[in-house]
Amino acid sequence: MRSDAVALQSQGWLTEKIFLGLTPRAYLRSLLTPGNLAVALILVSGLGIIAYRFIYGLGAATNLSQDTPWGLWIGFDMLCGVALAAGGFTLASSVYLLGLKEYHPVVRPAVLTAFLGYVFAAIGLACDLGRPWNFPTPFLFSFGTTSVMFEVGWCVLLYTLVLAAEFTPSVFEWLGLKRWRDFMLKLTVGLTVAAVVLSTLHQASLGGLFLMAPHRIHPLWYSPFIPIFFFISAITAGLSMVIVESGLSHRAFAHRADHHVNLDRLTIGLARAAAVVLFTYFFARLQGLADGNHWALLLTGWGAWYLFEVVGFVLVPSLVLASAARREQVKLIRWTAAWVVLGVVVNRLNVSVIAFNWNVTPRYVPSVMEILTTITLVTMGVTVFRWVVNRMPVLAELPEYRETR
Amino acid sequence: MIPHDILTLYTAKAIEYLVAIAFIACFIPFWRYAMSAKAQPAEATVKARVPRRTQWVEWFQVSPEVAYHPGHAWARAERPGLVTVGMDDFAQKLVGPIAEVSLPHVGARVSQGEPAWSVRADGQSVSMLSPIDGVVAAVNPNIVSSPDLVNRDPYGDGWLVRVHAPKAEATLKGLLQPRLARRWIEEATNDLRRLMAPELGLALQDGGVPVDGIAHAIDPSDWRRVARTFLLT
């Protein structure tokens, strides 16, 4: 009798928390949509490729070589994933440290995006490691404190844990564990301080990695200021990503969103911040160019590509964002933010893939398997984000918790 | 180091300084440009946002589209950072037929809870409190020639000023929202009942609305005192 009651209770819990109030059969039937089938196809083929990579090794699955040991998985999955996840610490510090409370409604989705960004960047990194079974070594057995990777590895690990802790209030609200949720909220300021410190360190030191290869990177992209460039551009990427993600989320998950939130107003504020940081970043890049005294290289083909990146993806969107924010053109802001996100991706790929080994032939071109693996990881990230947002209070707080932030 | 290198170094350093100076010179105007709001015609937005419905609470109309200050002024966000302000139906009925409204000038700063404008009725004027902090962006040009607009349409054509308020959203949250405002108006009505003279009470027994100029009806000799009690001035 008692076990029947427990079974019924657990079935009710599953129905409510996991199956969105549907019976398991109805839930599975609701998943049969063309979009979900496309996602399933990508995941099945992608996971097969990842399995192939681990069975047969990097040489069989990638176009990486001794000359070009870092490819798409580092350039896109790791560098872009981490940069685009910077919205987590940017928004959390704005709200919890600088007191810009009106941006609180976009903190949770930003933290979730950041957490997933880091987790899937780490999975991409694991794919890229020649000997992935050594993954725990720098954390447990041999710290390697003299390696530049020591700082990156530890900061990324610790920050991923901090992001997980920052997101736990949503999980505890979802599970109804009020005491645990209240306890974690008390840690918010401490976690945010840790997030700022760790992010500042590793966002910059990801750029610092490239200081070890001054002769491999084209002079227009190599600069002793690369760590500073990476840090500032990560802030622009984070702010822009929050603009793009919040706009898409509030449209795709309208039933889960808080309709009392004036998202347009928040978007305009974020656009102003992004415009100012982009403007600063443009002059920082200009300073890098002046420091290297590489003005003559601007007249080459590489120079045209450099100008395309720095003017087309930094200066112009900065001016457009400022103008659109001033005129309150929210749709233009969202498109421009997507443009900035693309610009940061172009920058990271330039530094790590395109302008890296620029004078080495043959040039590295990612293999189909590398590209499919990257698409799979991005699809997994979006799928998990969707699963979480559909269940947990991410876009809107539960009414019973709204008073006690 | 050969002289040529020194010259190159100096040139590079000079350009770096120039870039830094250019950044400082450009950043300040860019910041001001990015942080400012483009001025828009004051009239257009207001006309587009005239509230379409009001609800009766006792003898007074309450708009569900505005937030209320306890001094019986209302505020409504027209767009981010721009708020329209007026006096509520309770205030206009309390004061009665309005002969003149003295509004602040465009560019004047108003502060929440501080006197911002005054209305003149029956030969005397009474101040009212601003529901919001900010700078006056526009005043209702029709109020000067037709102050009775406030009596006829307090939540629509009778608006008073538009305020540029960068932190409007946070400030508006601190005001009385419609649901709470309805209870607040009920309580204010009960207070009025307690003050009312017998002749006004008779006027209500058939379920009608009290005459305009309730304060005057309560105390003809010193209606300002009654009005100021409710308007918190």
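## Where the two chains meet

How many residues of chain A are in contact with residues of chain B? In this predicted model, 20 residues of chain A touch 19 residues of chain B.

Let's look at the chain A side of that meeting place. Helix 13 and helix 14 (301-327) of chain A each supply at least two residues to it. The largest share comes from helix 13 of chain A, with 12 residues. Sorted by class, the side of chain A that touches chain B holds 9 nonpolar, 8 charged and 3 polar residues.

## The nonpolar cores

Helix 13 of chain A, which spans residues 263-292, turns up again here: it gives the most to the largest nonpolar core, with 17 residues. That core has 114 residues in total. The residues with the most contacts inside it are A271(A), A274(A), A275(A), L278(A) and L321(A).

Take A275(A) as a residue to find in the structure. Leaving aside its neighbours within four places in sequence, A275(A) is in contact with S318(A), L321(A), A322(A) and A325(A), and also with A34(B) from the other chain.

Apart from the largest core lies another one, of 54 residues. Its members include W74(B), I98(B), V101(B) and V226(B).

## A buried leucine in chain A

Next, find L125(A), which sits in helix 7 (residues 107-128) of chain A. Is L125(A) buried or exposed? L125(A) is buried, because 20 other C-beta atoms lie within 10 Å of its own, and 20 or more is what the term "buried" requires.

You can also follow the chain from L125(A) to M78(A). These two residues are 47 residues apart along the chain, yet their C-alpha atoms are separated by 6.5 Å.

## A small sheet in chain B

Now move over to chain B and look for its strands. Strands of a sheet pair through backbone hydrogen bonds, either parallel or antiparallel. In chain B, 3 strands form an open sheet in the order 6-8-9, and their pairing is antiparallel. Strand 6 (100-102) and strand 9 (124-129) of chain B are the edge strands, as each pairs on one side only. On average, neighbouring strands of this sheet are turned by 20° against each other, direction ignored.

Which strand does strand 6 of chain B join through 3 bridges? The partner is strand 8 of chain B (residues 115-121), and the two run antiparallel. To see this pairing for yourself, look for S102(B), which stands opposite S118(B) in strand 8 of chain B.

Methods: Residues are numbered from 1 along each chain as its sequence is written. Chains are lettered from A and ligands numbered from 1 in the order in which they are written. This is a predicted model: local features need pLDDT of at least 70, side-chain atom pairs count only at pLDDT 80 or more; totals for chains, interfaces and linings use all residues. Two strands pair if DSSP finds at least two bridges between them. Helices (H or I, at least four residues) and strands (E, at least two) are DSSP runs, numbered from the N terminus. Axes are lines fitted to C-alpha atoms, for helices over the stretch in contact, and angles run from 0 to 180 degrees between N-to-C directions. A nonpolar core is a set of buried Ala, Val, Leu, Ile, Met, Phe, Trp, Tyr and Cys residues joined through C-beta atoms within 7 Å. A residue is buried if 20 or more other C-beta atoms lie within 10 Å of its own, exposed if 12 or fewer, and partly exposed in between; C-beta atoms are placed from the backbone. Two residues are in contact if their C-beta atoms, placed from the backbone, lie within 7 Å. Ala, Val, Leu, Ile, Met, Phe, Trp, Tyr, Cys and Pro count as nonpolar, Asp, Glu, Lys and Arg as charged, and the others, Gly among them, as polar.
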